[in-house]
Amino acid sequence: MDMTIAASADDVSVFRQRLLAWYDAHARVLPWRVGPESQEKSDAYKVWLSEVMLQQTTVPHAAPYFEKFTQLWPTVRDLAAAEDAQVMAEWAGLGYYSRARNLLKCARIVVSDYEGAFPEDESKLLKLPGFGPYTAAAVMAFAFGEAANVVDGNVERIMSRFYAVKTAVPEARPELRRLAALWVRPERARDWPQALMDMASLVCRPKSPLCEKCPLNSGCQAFVEGRPEAYPVKAVKVPKPVRHGVVFVVYSEEGVVVERRPDKGLLGGMLGLPHLEWRVEPWGRIGENEGISAKNGEICAGNYTHVFTHFTLRQEVLVRCLSVTEMTEYLRQHNKYQLLTWSDKKALPTVFGKALKFIDMA
């Protein structure tokens with residue numbers, strides 16, 4: 001790894017003030033944020049909830065989910081008392097359902113062990129379900145105003161460009177974290193990481209960065225080189241493995257047949273459409289004893305692709321339409337399944353929601 005020579009402490013202080021001044025003028029208005037230099041105290045529950053949501057999606061996508069969650073469960077006590085199924089259903093579309101399960105576990109521990117108040121101690125936060133170094137540092141800084149080194153992909157991008165770090169991510173991450181720590185100060189500890197986030201979103205963008213508007217450009221080595229988009233250096237991507245599946249869409253005018261998935265594993269605890277195993281080999285002709293028997297009148301409606309973090313799924317869709325009476329009898333015979341009404345279809349994870357697009361009722 002190339003050991004980047006950092007700017008002097010005096011240089012960092014000057015650039016830090018420039019960025020904070022930029023933030024004062026350009027800070028984004030976000031539903032979970034207390035604005036720059038506001039005297040209002042941040043709500044640790046809202047900070048934590050927003051950070052968990054933002055780990056897997058963008059601000060525009062997360063904002064309406066955050067608004068809905070805080071309407072349904074305004075406090076951590078409300079969330080701790082919520083039904084698991086309802087929280088999982090409202091989480092649909094935010095990715096990584098393990099985060100939703102940890103969300104509930106964490107809320108219940110905060111209520112039972114800390115009387116409903118998040119501990120103002122980073123080491124204690126790190127022991128809570130779902131808390132890693134980034135989330136713990138974010139809560140310490142945003143909610144409690146403590147000087148914490150809040151480093152995510154946005155901050156990594158700024159540091160890699162400012163110092164022109166030649167080592168590829170992820171190998172460069174320890175060095176980028178070390179460089180980011182050089183900028184952390186007790187002064188305006190809450191505003192500092194938020195200033196970095198906003199500049200990464202509005203100016204130091206992954207593509208087409210607006211370097212001429214950047215308050216750090218005079219010290220940025222990537223800008224001096226004239227190739228900011230070359231940073232952070234990316235490691236060569238390894239193609240994702242492909243798995244094959246078959247999903248069954250058995251439906252009536254009232255809804256669609258679903259099953260509750262096992263608590264552990266991918267999409268654990270969620271409702272899902274019945275399907276065959278996701279495996280390396282493509283499925284050929286489906287036998288009578290595999291999943292829902294294909295001899296019952298399912299018709300192949302097409303196929304689709306869904307990309308998970310660690311693999312790509314190619315799934316064939318078999319559909320069957322039943323009358324209301326037939327559906328009642330079907331569910332009586334297959335008591336491990338249940339009917340999900342069309343009004344509740346958003347409870348399905350995206351990988352199964354895609355299958356519904358092959359029928360007219362959805």
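**Exercise 1. Get a feel for the whole chain: what is its accessible surface, and how many helices and strands does it have?**

Start with the surface: about 18000 Å² is accessible in the protein chain, and 52% of that belongs to carbon and sulfur atoms (Shrake-Rupley method, 1.4 Å probe; for residues, only the protein chains shown count as cover). Before going on, note that this is a predicted model, where local features need pLDDT of at least 70, side-chain atom pairs count only at pLDDT 80 or more, and totals for chains, interfaces and linings use all residues. Residues are numbered from 1 along each chain as its sequence is written, and side-chain values use heavy atoms, with hydrogens and water left out.

Next, the secondary structure: 14 helices and six strands (DSSP runs, H or I of at least four residues for helices, E of at least two for strands, numbered from the N terminus). The C-alpha trace spans about 75 × 45 × 30 Å along its principal axes. Last, of the 362 residues, 48% are buried (under 20% relative accessible area; exposed is over 50%, partly exposed in between; 1.4 Å probe, protein chains only).

**Exercise 2. Find the largest nonpolar core: which residues have the most contacts inside it, and which helix gives the most to it?**

Step one is the rule: a nonpolar core is a set of buried Ala, Val, Leu, Ile, Met, Phe, Trp, Tyr and Cys residues joined through side-chain atoms within 4.5 Å. The largest one holds 106 residues, and Trp48, Phe118, Val249 and Leu273 have the most contacts inside it. Helix H8 (residues 133-143) gives the most to this core, nine residues.

Step two, zoom in on Trp48. Leaving aside residues up to four places away in sequence, Trp48 touches Val76, Leu79, Leu103, Cys106, Ala107, Phe118, Phe131, Thr135 and Val139 (a contact being heavy atoms within 4.5 Å). Apart from the largest core lies another, of six residues, including Val250, Leu322, Met327 and Tyr337.

**Exercise 3. Sort out the aromatic pairs: how many are there, and what are the distance and angle for Phe162 and Trp183?**

The rule pairs rings of Phe, Tyr and Trp (its six-membered ring) if their centres lie within 6.5 Å; planes under 30 degrees apart are stacked, over 60 edge-to-face, and the rest tilted. That gives 16 aromatic pairs. Phe162 and Trp183 sit 5.2 Å centre to centre with 85 degrees between the planes, an edge-to-face pair. Phe162 belongs to helix H9 (residues 153-162), while Trp183 is in the loop between helix H10 (173-181) and helix H11 (191-202), 21 residues apart. Phe162 is buried at 4% relative accessible area, and Trp183 is buried at 1%.

Now compare Phe308 and Phe311: their ring centres are 4.8 Å apart and their planes at 35 degrees, so this pair is tilted. To finish, ring pairs tie Phe15, Phe162, Tyr163, Trp183 and Trp192 into a cluster.

**Exercise 4. Check the backbone: where do Pro170 and Leu267 lie?**

First, the background: most residues other than glycine have a negative phi, and most peptide bonds are trans. The bond from Val169 to Pro170 is cis, with omega near 15 degrees, and Pro170 lies in the loop between H9 and H10. Tyr231 to Pro232 is cis too, with omega near -5 degrees.

Then phi: Leu267 is not a glycine, yet its phi is positive, about 60 degrees. Leu267 lies in the loop between strand S2 (255-260) and strand S3 (271-272), and counts as buried at 9% relative accessibility.
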